[in-house]
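Here is a short walk through one protein model. Start with the whole, then follow one sheet strand by strand.

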Amino acid sequence: MRLHRLAVTAFGPFAARQEIDFDALTADGLFLLHGATGAGKTSVMDAVCFALYGTVPGARQGPGAALRSDHAPADLPTEVLLDLTVGGRRLEIRRSPAQPRPKKKGQGFTTERAQSRLREYVPASGEWKALSSSHDEIGEEVTQLLGGMSREQFCQVVLLPQGDFARFLRADAEARGRLLGRLFDTRRFAAVEERLADRRRAAEARVRTGDERLLAALHKMEQAAAGVADDWPVPTQAPGDPGLAEAVLAWAAVARAGAQERHAVADSALAAAEARARAARTALDTAREQHRLQQRHEDARRRHEALTAGRADHDAAVARMELARRAERVAPALTLRDDAERDHRAAQTALDGVRAALPTELTEAGAEQLADEERRLRRDLGGLEAARRAERRAEEIARQRTALDRATRVDDDVLQDAQEWLAGWPALRSAHQERVARAQEAATRAEQLAGRLDPARRRLHAARERDRLTARVADAEQALRTAHDTALTTKDGWLDLKERRLAHIAAELAAHLEPGAPCAVCGSPDHPAPAPTTDDQVSPAEEEAAYRTHTRAQQAAGAAERALAVLQEAHQAARRQARADGAPDGPAPAEPDAYDTPEPELAFLVAQLEREHRAAHDSAAGTHAAREALDRIEREHTERTAARQQIEQRQAARTAEREALDREQSALTDEVERARGGARSVAERAAQWERRVLLLVDAAEAVRACDATARRVKDTDGQAADTAYRAGFDTPGAAADALLDDAAHRALQRRVDTWRTEAAAVADRLAEPAARAASELPPADPDAAAAHLAVAERALRDASTALAAAQERRTDLTALSRQALAAHRALGPLRAEYDRVAGLAALTAGTSAANERRMRLESYVLAARLEQVAAAATARLQQMSAGRYTLTHSDARAGSKRAGLGLRVLDAWTGSARDTATLSGGEAFFASLALALGLADVVTDEAGGVRLDTLFIDEGFGSLDEQTLDEVLDVLDSLRERDRSVGIVSHVPDLRRRIPTQLEVVKERSGSAVRLRLGAAGD
């Protein structure tokens, strides 16, 4: 991967657009990135990482708004553009984070969504081709081109944090594991460990559950046994104890044998009880049957005596039923005679009622005379139909005249109301027009006041902000002075300690000398006169602590300076916005002038404008209502004028219609008067005649019905007399007296049938030989036989209950034994699985005896990676140390700690290996830089062998002397020889003389800027 061009706008500390030409910067292979603290050196790498991955590295991650520069104007969007070559393709990535922007309409801000665009350069056409604008697609494309390298890996291999690896050399195995785990993503191996631990816990739980089921079956068998195995002790082992299953199965076998024995004894006792009960039941049945036969014979004898006493009544009932049967032959003729007499009486009654309603001259008339009178009246009734139609038309004309009069009165009222309203129309329209004009003037006034009110409010808000920031600026100036004083004091202390340490540097070097070991300065193994230590000697840790204190003080001073600049800029902006109209343009003066309007005056002006605007706005609010009212009365004027014209037309039409109705009603009146005679109306006269016609019809029918029923009475009376004589009765009345109704007949028949049935039954029972033989025997005693049977059955029930209990106990114990055996068989595979999984889990977790070095699986994988990193780092460390040092991986255990991630350095001069934590300052720098470069190579190979042509090396050069710095730069030159470009991020002034190509980040009040220098060394 090679960077060509980077452009950032409103990003981090960069307010304006800044461009970095990496082609020019990396042409010499080695360049320096430097600048003041807080200027934005790290933001350059943040921009590269944001362009590639859409986020910034490590702790600098945050919401998109955090990437935006505070110095940038509101209308300038934040954007990063990166031009690079990766995987043989020239790409351009442009990204913008989610950020606020001013609204296009109105005031305030809205959030602009994050945007991404990817283009590729096509050499054949010399043009850029758009590829995608999707965040996900661009991220996937970049990750594939980088060989799947994650953001953390990219930041580790492109920006080499050399200071982090100095701590890595001195860290313990756990800290090294965390760093290597992030870079090589060994989470899957840790997941394997956790998965095996989970499976071990699950298998252990299943084994314990199997033991608990086995003990539960034992408890159930103990309850079901009910003492059949008292001589054999119940197993007392707990879940997981050895021999639990065998003890449970042995106890179950003893309990089953005892239950089987108890069942055999109970079965024999039940057979004996059943034999005794059968004999008692046979004796009881015999006694009951004899007693029944004796009682049956005695009952038959008593019933025979009762039948003999009631024979006379039976004979009388038979004779009465015979007489009733002869009378029933006369009954139909008697019924016909009675029906005819009843019909004749009803017809005579109806005729008498009708004759009472007839006129006197017709009360004795016959049916024919009444029919002639009916036909005459029907003819007269037909002549009244025309008169009835004329009468109905006259009534309809009267209703029409009433409706016309009612409609005329309604129109007269409406017409009068319309004429009165139209008379006041001119004055009403003028008043509404004046109301509309007043509302329009108020609306114009409100718009003018609103245009003055918003600027006044902004000036008032700015004046309040100006007054508030004035005090904060004073406090910030005082804080800056204090921070500068502190920085100077800590610098003097640090320089003093550094000078004292350099004065005693010989004693410090002598403290590390060992007999027979070569001197780090002269190389001699003899040390005849090492410099002694003194009480005022300064240690490297004290100097480093003083330097860190000074650095923090400088950072605090820089932060105070930036805070003061921000406050001053905000204060000046507030003053400019609060200045009175007509004030001169340009920056506001440092001190208050005549244009700095006091806040109370601005507040009074805003309040006055608000009152006037509110009054005008309230008046203008009625504009719409006034216009609607004017439109409403104009519509009403049009409607009332049209209504008046319509009413006048309807009144003229009603007058013509009323005259026509009067003429028609006069002609109809004469015809109706002639037809109604003395009645109130023609309809009433027609109704009188219709009622008389119906009365004549009823009278004729009644006369005919009365004559017909009289003839029927005479005929049926003769038939009844003849039938009674033939049946043996003197008169029809005698036959009628001999008849029986249904209830009496049924009662006599029931008495006769009952006596005959009883007589037959008694005769049959007295003839039974068994009953006659039983009556000759002594009386039977069923109660005694029943008592003897109850005793035998009670003994049988007790024996049956005992057998059922023994059977149930035997069945339950057999079933529970099978359950225990099944649980024992199911427990075998579970125990085998638990042993296998527990062994694997202990092996991967490093707790197994088979794992001699107590190395976890993840540590084992990381140890292999660390061995690769150590081999890659050694190639450069030997060059930097002139072949003296070699980094080696160690998996030896340190005390009781686990092994796997040890790191040792082999000294070729002494032939001994020691822990990297014992390296001196210069040695640690060599080793950490080599380790960082080696790790970059291994991570690059891990990510698919992607070539990284541009590398950055962070701080760590400040503690090197001139000779050591030359050796380090020689190693970095070797990277350049392989067509790699190396950028050094450092504050060391000496590097500015040694590296001519430089990218300087300059910190300014309005935001940082970048400057590219391509001159000779020392420029």
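The protein has 26 helices and 17 strands. This is a predicted model. Its pLDDT averages 77 over the protein, and 84% of the residues score at least 70. One stretch to read with care is residues 581–587. There pLDDT stays under 50. For that stretch the model has 9 contacts beyond four places in sequence.

Now take the protein as a whole. It counts 1019 residues, and 37% of them are buried. The accessible surface comes to about 56900 Å². Carbon and sulfur atoms hold 52% of that surface. Next, look at the contacts with a separation of 6 or more. Residues 24 or more positions apart account for 74% of them.

Turn to the sheet. Which strands form it, and in what order? It is an open sheet of 6 strands, running β2-β1-β4-β5-β8-β9. The pairing is antiparallel. At the edges lie β2 (18–21) and β9 (127–132). Each of these edge strands pairs on one side only. From one strand to the next, the twist averages 20 degrees.

Zoom in on one pair in this sheet. Strand β4 covers residues 79–86, and strand β5 covers residues 89–96. They pair in the antiparallel sense over 7 bridges. Find V80, then look across to β5: the bridge partner of V80 is R95.

A helix completes this view. Helix α3, residues 135–145, packs on the sheet. Helix α3 touches β4, β5, β8 (115–122) and β9. The direction of α3 makes about 140 degrees with that of β5.

Conventions:
Residues numbered from 1 in each chain as written. Predicted model: local features only at pLDDT ≥ 70, side-chain atom pairs only at ≥ 80, totals over all residues. Heavy atoms only, no water. Pairing = 2+ DSSP bridges. Helix = DSSP H or I, 4+ residues; strand = E, 2+ residues; numbered from the N terminus. Axes fitted to C-alpha atoms, helices over the stretch in contact; angles between N-to-C directions. Contact = heavy atoms within 4.5 Å. pLDDT = per-residue confidence, 0-100. Buried < 20%, exposed > 50% of the residue type's maximum accessible area, 1.4 Å probe, protein only. Areas by Shrake-Rupley, 256 points an atom, 1.4 Å probe, with all protein chains shown as cover.
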